[in-house]
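Thanks, everyone, for making the time. I would like to take one sheet and walk outward from one of its strands, so please keep the view open while I talk.

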Amino acid sequence: MSTPNRVLITGAASGIGNACVRLFNDQGYIVLGMDLNSPDDDSLFAGFEQGDVTDGPAIDHVINAFEIPTKGLDALVHCAGMTGHGSATEIDPAFWSKILNVNLTSTFLITRAVIPHMQLNGGGSIVTIGSTFSMIARDSMIGYAVSKAGVAHLTRCLAIDYAKDNIRANCVCPGLIDTPMTSHLNAPGHEDVRQTLINAHPMKRPGTAEEVANAIAFLSSDAASYITGQVIGVDGGFTAGKQVVPEARH
Ligand code: NAD
């Protein structure tokens, strides 16, 4: 019998990360988690550490706490992230730095921390989380969109640099997904914003965290053994094109 794969999932306490925890656990992985917050249910984790993905020493602590130098790591799924609104003149430099740090610099920090261990291990898979706004710009979200475009490109760079080490890196880009990150859209008074966002998706519904986790699990698995450097929408068709005439006339 082969040894179960070990996966480190960040953002593991909530939303897409937590859906990955459940799915990878179902698939027999040894699941290691990291998040700023504690998960509601820690029974699915072989190990969980509270920590900030923007903090290099906190990442080093997690690597050591999970004995990655000796036990190795087969897959990283980096879901921790934040959102925020504002155009260039609406946000301030402190917010710009914060969102770039949480979404983009954390991806640099955690991937550079795990890659040497994957190299020694004979390879591995990295899945980062971008957004539809990794691929196309959007109004009033400059910090988020630029940080997520950076995540996509960083992932392509990793794929090219470490293909020689049998390390694959892919970026999953969700559309509107119902998670705590988007729950403010369910508050009274936001119905029209939510509906406008839903209407921008050709499938006319939000996605679920489980639908995103399915794509992440596929890319992390050997079934995706020849897929690397890809930026893949899980977005109900959002990035496929513009619906110019929403009600098609025949
Ligand atoms: P979520 O808010 O439910 O979960 C995010 C998790 O990341 C939280 O548990 C939070 O504590 C953790 N986190 C945030 N900053 C952290 C830090 N500095 N260190 C450690 N943990 C931190 O959100 P989600 O919807 O599950 O989002 C997961 C990823 O998917 C994010 O990168 C987000 O940008 C991306 N995404 C979400 C959507 C969506 O519609 N929900 C769409 C596109 C992309």
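**Strand 4 and its surroundings**

Let me begin with a single pairing: His78 has Thr128 as its bridge partner in strand 5, and I should say at once that this is a predicted model. Beside that pair, Val77 has Val127 as its bridge partner in strand 5, and altogether four bridges join strand 4, residues 75-78, to strand 5, residues 124-129, with the two running parallel. Turning to strand 1, residues 6-10, we find that strand 4 pairs with this strand too, again in the parallel sense and over four bridges, and here Thr10 is the residue opposite His78.

Now to the side chains. In a regular strand they alternate between the two faces of the sheet. In strand 4, Ala75 and Val77 point one way while Leu76 and His78 point the other way, and all of these residues are buried.

What kind of unit do strand 4, helix 4 and strand 5 make? With helix 4 spanning residues 93-121, they make a right-handed β-α-β unit.

Stepping back, the open sheet has seven strands in the order 3-2-1-4-5-6-9, with parallel pairing. Strand 3, residues 47-50, and strand 9, residues 231-234, are at the edges and have a single partner strand each, so one side of each lacks a neighbour in the sheet. From one strand to the next, the twist averages 15°.

Finally, the helices: helix 1, residues 15-26, lies across strands 1, 2, 4 and 6 and runs at about 165° to strand 1, whereas helix 6, residues 142-162, lies across strands 5, 6 and 9, at about 160° to strand 6.

Key: Residues numbered from 1 in each chain as written. Predicted model: local features only at pLDDT ≥ 70, side-chain atom pairs only at ≥ 80, totals over all residues. Heavy atoms only, no water. Buried < 20%, exposed > 50% of the residue type's maximum accessible area, 1.4 Å probe, protein only. Pairing = 2+ DSSP bridges. Right-handed = clockwise from strand over helix to strand, strands pointing away. Axes fitted to C-alpha atoms, helices over the stretch in contact; angles between N-to-C directions. Contact = heavy atoms within 4.5 Å.
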